[in-house]
Amino acid sequence: MRDLILPIKLRERLKQPFGTLLRGKHPETTLRAKNMILEKMPPKVVAVGDVVTKNLIEKELIPDISIIDGKTLRTTNENVNVPNCIQMKAQNPAATISAGIWDTLKKAYESNVPVELFIEGEEDLLTMPAILLAPDKSFVIYGQPKEGIVIVEVNENKRKEVKEILNKMEAI
């Protein structure tokens with residue numbers, strides 16, 4: 001596998017949610033997400049982003065995998081503490097899905113305890129590998145800037161949608 005770079009022409013596409021957009025602000029949207037999770041009991045819950053992760057933990061829902069980079073909107077330093085977790089690290093430059101991220105995420109999915117995956121670089125695009133590698137009916141949750149949060153229930157159609165986008169990225 002090679003590193004994948006996001007071409008400018010795909011950036012607009014990625015502003016469209018992959019799943020259900022819960023509009024609004026924390027704590028309302030986080031409580032709605034928590035209720036959806038508790039109702040469906042997905043096999044895995046993956047949070048991509050510091051704020052989403054922090055808000056879920058605040059509402060006493062610990063994601064199985066938390067993918068964070070210590071930043072929000074590329075500037076603010078966030079302090080996210082995932083309790084009772086295994087900590088992993090990976091490199092992932094901005095606008096990239098690095099080749100090494102796939103194996104790291106596979107290991108995270110195999111864990112029976114929560115995993116905090118700290119990304120040195122940027123985690124924004126890692127929603128896509130998280131969806132591709134997740135078991136069916138898992139939830140991948142991420143923030144939609146200035147709108148709310150998105151919950152993706154993983155299935156074959158979502159994987160197909162992600163693969164189409166990844167196939168349009170530039171391999172280096």
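In what order do the 7 strands of the open sheet run? In this predicted model, the order is 2-11-10-3-4-9-7. The pairing is mixed. Strand 2 (20-23) and strand 7 (86-92) form the edges, each pairing on one side only. On average, neighbouring strands are turned by 20° against each other, with direction ignored.

Within this sheet, strand 3 (residues 45-48) and strand 4 run parallel. They are joined by 3 bridges. One residue pair can be named here: Ala47 has Ser66 of strand 4 as its bridge partner. Strands of a sheet pair through backbone hydrogen bonds, either parallel or antiparallel.

Ser66 belongs to strand 4 (residues 65-68). Its relative accessible area is 0%, so Ser66 counts as buried. Beyond residues up to four places away in sequence, Ser66 touches Ala47, Thr53, Val82, Val115, Glu116 and Leu117. Ala47 thus appears both as the bridge partner of Ser66 and among the residues that Ser66 touches.

A helix covers part of the sheet. Helix 1 (residues 28-40) lies across strand 2, strand 3, strand 10 (139-144) and strand 11 (148-153). Helix 1 runs at about 140° to strand 2.

The largest nonpolar core holds 36 residues. Those with the most contacts inside this core are Phe18, Ile67, Ile97, Met128, Val140, Leu166 and Met169. Helix 3 (residues 101-110) supplies the largest share, 5 residues. Another core, of 12 residues, lies apart from the largest one. Its members include Ala33, Ala47, Leu56 and Ile151.

Val140 illustrates the contacts of a residue in the largest core. With neighbours within four places in sequence left aside, Val140 is in contact with Val46, Val48, Tyr109, Thr127, Ala130, Ile131, Val150, Ile151, Val152 and Val154. Among these, Ile151 is a member of the other core.

Thr127, a contact of Val140, lies in helix 4 (residues 127-133). Is Thr127 buried or exposed? Thr127 is buried, because its relative accessible area is 5%, and buried means under 20%. Outside its neighbours within four places in sequence, Thr127 is in contact with Phe18, Val48, Val140 and Tyr142. Two of these contacts, Phe18 and Val140, are listed among the residues with the most contacts inside the largest core.

Note on methods: Residues numbered from 1 in each chain as written. Predicted model: local features only at pLDDT ≥ 70, side-chain atom pairs only at ≥ 80, totals over all residues. Heavy atoms only, no water. Core = buried A, V, L, I, M, F, W, Y, C linked by side-chain atoms within 4.5 Å. Buried < 20%, exposed > 50% of the residue type's maximum accessible area, 1.4 Å probe, protein only. Helix = DSSP H or I, 4+ residues; strand = E, 2+ residues; numbered from the N terminus. Contact = heavy atoms within 4.5 Å. Pairing = 2+ DSSP bridges. Axes fitted to C-alpha atoms, helices over the stretch in contact; angles between N-to-C directions.
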